[in-house]
Amino acid sequence: MVNPTPEQVDAIATYGDGTDLVLQAGAGCGKSSTLKMIAKADPRASMLYVAYNKSIATDAARSFPANASCSTAHSLAFRAVGKEYAHRLSGPRQTAYKAAQLLGISNIIGPGIPRITGDLGDVVAMPSKRIMRYALETITNWCYSADDVIQSRHIPRKPNLKLPATIAQIAELVLPVARAAWRDLRKTDGVLKFAHDHYLKMWQLGGPTLAADVVLLDEAQDTNDVVAAVIQGQEHAQRIVVGDSAQQIYEWRGANDALAKFEAAGAQVRTLSQSFRFGPAIAEAANAWLHVVGTDLRLKGFEQVDSCLGELADPDAVLCRTNGGAMEVVMDALSRSVKVALVGGGAEMKRLAEAAATLQAGGETDHPELMAFATWDQVRQYADEEADGADLRVLVRLVDDHGPSVIIAATEQLVSEDRARLVVSTAHKAKGREWPRVRIHTDFRAPSPDPSTGLLTVRREEARLAYVAVTRARQVLDDRALAWVDDVKAVAA
């Protein structure tokens with residue numbers, strides 16, 4: 001057995017006090033091993049480890065002691081509620097157009113095609129399939145929340161459709177449809193496509209009690225409010241929430257920092273700062289971003305690991321800020337006959353390229369990223385002129401330079417990671433992963449200086465994403481694309 005570090009000893013002792021515990025664990029700092037030590041330290045207590053995903057729960061079940069059961073929140077919810085809807089989970093794929101037909105959307109919003117005024121003053125048609133797409137995404141956002149009822153704040157914000165006045169128009173059309181759709185989803189014989197998040201929400205609304213003396217919540221910094229609410233409701237149990245607030249990178253899809261919630265509620269806080277993943281050189285690069293993020297956490301590199309910063313011509317992995325940047329790297333690798341894998345697969349990029357092709361041909365698309373645009377020229381203009389369009393710029397350039405068909409063909413040439421010479425990933429999808437040699441792609445661009453002060457200001461969510469990216473490397477990190485960190489003078493919320 002590996003001897004615990006002083007920080008781990010302190011965490012185990014704090015658990016022994018019987019109070020709720022927040023464990024801030026930096027990248028590669030042994031949070032899983034610490035939780036196992038806590039479980040082994042008190043074999044008479046029944047413990048429930050709630051993991052971020054199924055693979056983590058499965059791995060944990062092999063190594064946690066017998067007094068700890070390991071599960072995901074979805075698995076717990078399925079056993080309690082979801083099993084009644086199992087037959088609906090296996091249903092076929094369903095387009096928004098088909099869902100609108102099945103729900104009878106025209107009976108809810110009336111005949112004809114409604115129109116709204118977009119953020120830029122342009123008239124945007126809202127056919128039934130677009131309203132249905134909005135309604136289904138609204139339900140998804142609500143299912144991630146702890147809210148009891150569906151409200152306008154759950155409506156997704158799309159390019160060119162984000163301003164309050166625009167959202168108010170959308171809400172009049174979407175909310176009645178979303179509420180009707182939820183009534184259908186609650187039925188065991190409903191007609192709409194049923195998803196795992198639906199029974200998870202039903203479970204949370206029922207106020208479940210978990211059969212455990214101690215509940216351990218992993219990756220708490222990116223826990224959806226629906227799960228956090230369940231854990232907060234377990235007042236009969238001691239709760240230990242573990243994660244790294246500096247790695248909170250899924251706020252954009254409804255996740256919040258449960259660590260902060262439990263700390264605000266009076267839980268004791270302990271820190272794990274000794275990283276076992278990389279040595280001092282990479283720890284120093286990570287600490288530069290932790291300074292920007294604004295946390296007190298600073299990582300200590302593992303002296304036994306020989307790591308360094310330097311230029312990498314042949315990395316094991318390239319990490320990108322955007323899907324477009326990832327596809328840019330993939331296409332370059334394929335042009336050099338390099339076998340390349342894309343974490344998460346190419347389906348998402350293929351759908352984007354297909355949506356671009358539809359717009360170029362004069363058609364309409366309900367793809368979430370492009371549904372607010374009537375033409376490809378509008379996408380170009382938005383990407384060029386709007387600050388929020390930055391994420392689309394690489395995609396626009398790829399489509400204009402190569403054409404959608406070339407991008408689609410590239411997604412079909414990807415190989416599995418075990419066959420790849422190069423792995424490409426967005427930083428979001430790289431979370432929880434690590435590689436020996438990592439290069440950060442150039443789409444991690446420096447922000448423009450603040451026009452009023454001239455200072456280089458970065459959004460905190462971008463700083464957290466950069467921190468996640470640089471901490472994926474074990475041996476060599478090529479972070480030249482992030483050299484501008486030394487010029488950051490301010491952080492925006």
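These points cover one buried glutamine, two aromatic pairs and two lysines over rings, all in a predicted model.

1. Gln-24. This residue belongs to strand S1 (residues 21-25). Its relative accessibility is 14%, so Gln-24 counts as buried; the cut-off is under 20%. The Gln-24 side chain makes a polar contact of 2.8 Å with the side chain of Ser-245. Beyond residues up to four places away in sequence, Gln-24 touches Gly-243, Asp-244, Ser-245, Leu-259, Val-269, Arg-270, Thr-271 and Leu-272.

2. Phe-78 and Tyr-199. The structure holds 7 aromatic pairs. One of them joins Phe-78 and Tyr-199 edge-to-face, at 5.6 Å centre to centre with 70° between the planes. The pair links distant parts of the chain, 121 residues apart: Phe-78 sits in helix H4 (residues 73-80) and Tyr-199 in helix H10 (residues 196-205). Burial is uneven here. Phe-78 is partly exposed at 29% relative accessible area, whereas Tyr-199 is buried at 3%.

3. Trp-142 and Trp-182. The ring centres lie 4.8 Å apart and the planes meet at 85°, so this pair is edge-to-face. It also links distant parts of the chain. Trp-142 is in helix H8 (residues 128-144) and Trp-182 in helix H9 (residues 164-185), 40 residues apart. Trp-142 is buried, with a relative accessible area of 2%. Trp-182 is buried too, at 8%.

4. Lysines over rings. Trp-142 has a further partner: the charged end of Lys-201 sits over its ring, 4.9 Å from the centre. Elsewhere, Lys-431 lies over the face of Tyr-52, with 5.5 Å to the ring centre.

How values were computed:
Residues numbered from 1 in each chain as written. Predicted model: local features only at pLDDT ≥ 70, side-chain atom pairs only at ≥ 80, totals over all residues. Heavy atoms only, no water. Helix = DSSP H or I, 4+ residues; strand = E, 2+ residues; numbered from the N terminus. Buried < 20%, exposed > 50% of the residue type's maximum accessible area, 1.4 Å probe, protein only. Polar contact = N/O pair within 3.5 Å; in protein donor to acceptor, adjacent residues only side chain to side chain. Contact = heavy atoms within 4.5 Å. Phe/Tyr/Trp six-rings, centres within 6.5 Å; stacked < 30°, edge-to-face > 60°. Lys NZ or Arg CZ within 6 Å of the ring centre and 35° of its normal.
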